[in-house]
Amino acid sequence: MKAFQGELELIEQIRRAAESAGSNTGRKRAGVVLGIGDDCAILQPPRGHEVLVTTDFTLEGRHFRRDWHPAESVGHRALARGLSDLAAMGARPLAAFLSLALPKEMVATQTGRRWVQRFFTGLQTLAIEHGVPLAGGDTSESPSNLVLADIVLTGSAPARRALRRSGGRPGDCLYVTGTLGGAAAELDEMAERAAKVRSRAQRNPRTASETAEHPQLFPQPRLQVGLALLRRRFATAAIDLSDGLSTDLAHLCRESRVGAEISAAALPIHPLASRAGAARGLVLALNGGEDYELLFSAPPSVRMPRTIARVPITQVGKLMRGNQILIVDSSGNRQPLKPSGWEHFAR
């Protein structure tokens with residue numbers, strides 16, 4: 001990307017980048033009849049499918065810090081948050097729409113323009129990986145000195161078959177994908193050793209193993225797992241783990257009108273969280289948030305594979321009658337599990 005001088009040039013560069021990303025998906029912007037350049041985009045979902053829509057804010061100071069998160073990470077995370085919502089419903093992405101409010105100096109200075117270019121590099125890299133065309137959006141000057149981004153994602157799923165939070169039944173087994181607590185553990189490390197971690201994380205990871213080392217900076221949405229759960233009719237209910245297991249499990253149980261029991265010993269804790277000690281690791285796995293793994297229920301009759309789309313699947317508990325959510329320790333003691341994850345209106 002060359003430097004841009006104003007909003008029109010910024011939009012034109014976004015358009016060229018979006019067209020380049022669309023051609024690199026190999027699907028020629030499947031589902032997008034008309035993209036950037038008109039007053040509206042035109043989408044065409046596959047026949048027999050419904051359109052799913054999700055939106056997510058990414059706010060500087062709330063969801064990222066410019067002095068901690070490299071710009072590539074901010075762009076990646078902005079898209080990953082919405083893709084994870086689609087994954088939880090078994091949807092295939094159709095298109096993304098980005099609204100971006102930037103401080104004035106980001107358009108006026110070379111340093112600011114370079115940050116924006118790197119932001120789009122992070123977003124485009126993930127978009128190409130999952131075949132997601134950027135089909136529109138908006139730009140504006142931020143009313144503060146903070147970066148504000150809102151991304152809207154559309155997806156499609158077979159009519160009346162999208163996974164929901166409300167389908168869980170008493171006796172269903174509870175599973176999670178991947179590992180838990182890594183994103184919060186990396187954020188703790190960033191807070192403690194900001195300068196060291198920042199210099200380590202400026203590059204954009206290129207391999208799966210490198211990305212796994214940075215669950216906070218480059219979380220991986222489980223789209224292929226969600227698609228498989230829907231296609232193979234495994235899951236009765238699902239939710240993505242954005243706010244923390246304790247909070248998101250409460251959401252699923254409330255919508256399904258059931259209770260749950262979780263085994264602390266069964267939780268797959270990320271190595272970064274384990275490094276903080278057993279007690280702290282468990283807290284991070286339960287409450288840390290931003291793992292963007294999937295939590296889902298399935299009937300006990302389902303023979304769940306150990307991996308789906310090369311992602312580990314772990315049984316962590318079961319759904320029960322009633323409305324209690326309990327956690328069982330290694331000695332078999334049960335106690336209430338209170339929702340203690342991410343709070344969007346924290347005091």
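**Exercise 1.** Determine whether Cys-173 is buried or exposed in this predicted model, and classify Cys-40 in the same manner.

*Solution.* Begin with Cys-173, whose relative accessibility is 11%. Buried means under 20% relative accessible area, so Cys-173 counts as buried. Turn next to Cys-40, for which the relative accessible area is 56%; because exposed means over 50%, Cys-40 is exposed. Finally, with regard to disulfides, a search of the whole structure finds zero.

**Exercise 2.** Work out the strand order of the open four-stranded sheet, and explain why S3 and S5 each have one side without a neighbour in the sheet.

*Solution.* The order of the four strands is S3-S6-S4-S5, and their pairing is mixed. Strand S3 (49-59) and strand S5 (134-141) stand at the edges, where each has a single partner strand, and therefore one side of each is left without a neighbour in the sheet. On average, and with direction ignored, neighbouring strands of this sheet are turned by 15° against each other.

**Exercise 3.** Describe how S3 is joined to strand S6, and then establish which strands helices H2 and H4 meet.

*Solution.* Strand S6 (residues 148-158) runs antiparallel to S3, and 11 bridges join the two; one bridge pairs Val-51 with Ser-156 in S6. Helix H2 (residues 71-88) lies across S3, S6 and strand S4 (92-102), running at about 145° to S3. Helix H4 (residues 110-130) also packs on the sheet, where it touches S4, S5 and S6, and its direction makes about 165° with that of S4.

Conventions
Residues are numbered from 1 along each chain as its sequence is written. This is a predicted model: local features need pLDDT of at least 70, side-chain atom pairs count only at pLDDT 80 or more; totals for chains, interfaces and linings use all residues. Side-chain values use heavy atoms; hydrogens and water are left out. Two strands pair if DSSP finds at least two bridges between them. Axes are lines fitted to C-alpha atoms, for helices over the stretch in contact, and angles run from 0 to 180 degrees between N-to-C directions. Contact means heavy atoms within 4.5 Å. A disulfide is a pair of cysteine sulfur atoms within 2.5 Å. Buried means under 20% relative accessible area, exposed over 50%, partly exposed in between (1.4 Å probe, protein chains only).
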